[in-house]
Amino acid sequence: MNFENILHETYGIDREICRLGSLVEEELVSVFREIDQTRDYNQIKVLNAMQEAGLAERHLFGTTGYGYDDAGRELLDQVYAKVFDTEDALVRTQIVCGTQSLALCYFGILRPGDELLSVTGRLYDTLDEVIGLRENPLSLAAMGVAYRQVDLLPDGSPDYEEISASVTGSTKMAVIQRSRGYSYRESFDIETIGKIISAVKAANPNTIVLVDNCYGEFVDTAEPSNVGADLMAGSLIKNPGGGLALTGGYVAGKAQLVALCADRLTAPGLGKHVGASLDHNRQMIQGFYMAPHTVAESLKGAVFTAGLFERLGFETSPAATAKRSDIIQAVRFEDPEKLKAFCRNVQAAAPVDSYVSPEPWDMPGYEDPVIMAAGAFVQGSSIELSADGPMKPPYIAFMQGGLVYANVKLAALLGADRMLKEER
Ligand SMILES: *Cc1c(COP(=O)(O)O)cnc(C)c1O
């Protein structure tokens, strides 16, 4: 019994599609090999940091109450800092998501009269209200922090000239978003992030550079902190949680800046000293240990999906063989029925809630109905396989995650098979 047979016999996928899948996989061996090499490099980096920090069984247990002297929590901060090559890190379950980890950076550091400049165009949707582009009495704008942005060039690349001209003496912080988020542009690789940081620092060496690192961790052998970022933030139900962390977020960077974020998270003066980890240390530490592997599985799934749908004549972004800097895969379907069929079959392939059939719905904050597929062990976890697409032309599905490559492969093949059958 081989993989093609079990797909055909268990899921009724046409043998032709199964064979196409195997062919695509063969064509992409060198891409997979590169992903393995990055994974192995990052795995040794993480393993060594854990050994050097003296990880022992006692670190896997947590604390209650104030959470003073939480050895596991302190060790994990140290391990993140070592792996990301930063002075310090703040890794907490009390940071409930990526948006909050970014908000901590903004509210911890920016003061009335300061200016925040996005140098990579519009930020991720959920930040609109944090910044004050959507009204909120607690936004940065309401507090007197000005926001400006340098848009990307029409081809999606950074506008270095405009960045140099826009960073002034009053630009307290510049922010770079590494991932494409849910826009149809390329993610920025580490080299490009380094060039953007140089442009910012040349215009004002005192400007603090923050990188929104969501979806980017461990995709490369280096991180934004290796090329001059002062601070990075991300979510633990994405890459660095390795699929095991049940919740959480992190901030890593210059010690003084991390301390400000910690004071903002708890209370001025309490900073990093409090915050019971309860029973989470084991999953957070083991999750970080697994993260290079998990990210590699999801990257292989993304590459396979791109390869398969390219073969079927669809446009993908990034292309199967393109260099990647995040785990997101976009497929352009140009047809609402195909987009729906794809998302439904991602759901049908999921380990949890596979019997559910997603329908497009009017999500708060979005202009068009959105169809979403997610069947995850951790609610909303997008290091687990998930896909969504706004129901508007050109009908693009954004897919990300996958704890296990074979599961993503099944999802892609099932999607392709059912789409072609519906067409007939
Ligand atoms: C997911 C994400 C966020 C927000 O994280 P949440 O955990 O959804 O709050 C911010 N920026 C980028 C680029 C993201 O991918």
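How many cavities of 30 Å³ or more does the structure hold? In this predicted model, there is 1. Its volume comes to about 50 Å³, and three elements each give two or more residues to its lining: α4 (71-84), β1 (88-92) and α10 (281-311).

If you would like to find the cavity yourself, look for the residues that line it. Going along the sequence, you meet R73 and L76, then the run V91, R92, T93 and Q94, then G275, A276 and S277, and lastly N281 and M284. Sorted by class, this lining has 5 polar, 4 nonpolar and 2 charged residues.

Now let us turn to the ligand. Around it you will find C97, G98, T99, L102, Y124, Q177, D212, C214, Y215 and K238. Helix α5, which covers residues 98-109, gives the most to this shell, with 3 residues. By class, the shell is made up of 5 nonpolar, 3 polar and 2 charged residues.

Some of these neighbours are worth a look at the level of atoms. At T99, an N or O atom of the side chain lies 2.5 Å from an oxygen atom of the ligand. G98 takes part through its backbone instead: a polar atom there is 2.8 Å from a ligand oxygen. K238 brings in its side chain, with an N or O atom 2.9 Å from an oxygen of the ligand. How much of the ligand does the protein bury? On its own the ligand exposes 380 Å², and the protein buries 90% of that.

Technical notes: Residues numbered from 1 in each chain as written. Predicted model: local features only at pLDDT ≥ 70, side-chain atom pairs only at ≥ 80, totals over all residues. Heavy atoms only, no water. 1 Å grid on protein atoms, 1.4 Å probe; cavity = no way out; pocket = protein on both sides within 12 Å on 5 of 7 lines; lining within 4 Å. Points joined across faces, edges and corners; volume = space filled by probe spheres on them. Helix = DSSP H or I, 4+ residues; strand = E, 2+ residues; numbered from the N terminus. Nonpolar A, V, L, I, M, F, W, Y, C, P; charged D, E, K, R; others polar. Near = heavy atom within 4 Å. Polar contact = N/O pair within 3.5 Å; in protein donor to acceptor, adjacent residues only side chain to side chain. Areas by Shrake-Rupley, 256 points an atom, 1.4 Å probe, with all protein chains shown as cover.
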